[in-house]
Amino acid sequence: MKSVLSIALIVMISLISGAFAQTGDHQTYEKDGLVFALPDNWSIAEDTINPADRLILIEGPGDALLIINMFAADGALPLMDYARIYSDAMINENSFLLTRTAGEFGKVEKTADYESVVETFTQKFFWVMNIEFSTTFRRMLISDKVLYVSLVVADESKEQAFPGFVQVSSSIKISGAKP
């Protein structure tokens, strides 16, 4: 996890740039047409816009990481393809002291607003400590964009982090997009 100083610097820069507005128990993040409610105790770690996609990394309680990845709808992958590619990439990030097991995926669930799937896996630290994790993947179509909103969190922090994930994913809007 980044140091407190780095996080504070990121938040200060974001506040100065006008990306956040305080509204009660959450912040409203609004930048380059994307708007969502963010819990006060969460912070934007990165917001990168590339020609093909946009990536926002958000740090939450414990070691929770929320990822928003936005693509043009016409070339976006189905949810399970995206989830498996992400999972495989994370397994390939294994290091000498930290390894991640292959995940097990649950059943894809669909609502009117999104489709969702959960992957469970184990992170092994220093060969002796196993921590259970999950990644909840959501795929949403908003206007001409597909957003994948994912929460990676240790099971021990999931109860704290999941309400923030729901808050962010249920509040995402694209300025000017038709409902």
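A salt bridge joins the side chains of Arg139 and Glu115, at 4.0 Å from N to O. Arg139 belongs to strand S11 and Glu115 to strand S10, so this contact ties together parts that sit 24 residues apart in sequence. With a relative accessible area of 19%, Arg139 comes out as buried, because the cut-off for that label is under 20%. Glu115 is buried too, at 17% relative accessibility. The model is a predicted one, and the count of salt bridges in it comes to three.

Another of these bridges pairs the side chains of Arg100 and Glu119, at 2.9 Å from N to O. This pair again links distant parts of the chain: Arg100 is in strand S7 (residues 98-100) and Glu119 in strand S10 (residues 115-125), 19 residues apart. Both Arg100 and Glu119 are buried. Arg100 has a ring contact as well, lying over the face of Phe121 at 3.6 Å from the ring centre. A similar arrangement turns up at Arg138, which lies over the face of Tyr114, 4.0 Å from the ring centre. Then there is the bridge between the side chains of Asp47 and Arg54, at 2.8 Å from N to O; here Arg54 is buried, with just 4% relative accessible area.

On to the rings: the structure holds eight aromatic pairs. One of them, Tyr82 with Phe137, is edge-to-face, with 6.3 Å centre to centre and 85° between the planes. It connects distant parts of the chain, as Tyr82 sits in helix H2 (residues 79-91) and Phe137 in strand S11 (residues 129-142), 55 residues apart. Tyr82 is buried at 10% relative accessible area, and Phe137 is buried at 0%. Both rings belong to a cluster in which ring pairs link Phe71, Tyr82, Tyr86, Phe105, Phe137 and Tyr148.

A more local case is found in helix H3 (residues 155-171), where Phe162 and Phe165 lie three residues apart, about one turn of the helix. Their rings form a tilted pair, 5.4 Å centre to centre with 50° between the planes. Phe162 is partly exposed, at 27% relative accessibility, while Phe165 is buried at 0%.

Finally, the surface carries a nonpolar patch made up of Leu97, Phe126, Trp127, Val128 and Met129, together offering about 580 Å² of accessible area. Within that patch, Met129 is placed in strand S11 and is partly exposed, at 43% relative accessible area.

Technical notes
Residues numbered from 1 in each chain as written. Predicted model: local features only at pLDDT ≥ 70, side-chain atom pairs only at ≥ 80, totals over all residues. Heavy atoms only, no water. Phe/Tyr/Trp six-rings, centres within 6.5 Å; stacked < 30°, edge-to-face > 60°. Helix = DSSP H or I, 4+ residues; strand = E, 2+ residues; numbered from the N terminus. Buried < 20%, exposed > 50% of the residue type's maximum accessible area, 1.4 Å probe, protein only. Lys NZ or Arg CZ within 6 Å of the ring centre and 35° of its normal. Patch = residues over 30% accessible without salt bridge, like charges linked within 9 Å, V, L, I, M, F, W, Y side chains within 5 Å. Areas by Shrake-Rupley, 256 points an atom, 1.4 Å probe, with all protein chains shown as cover.
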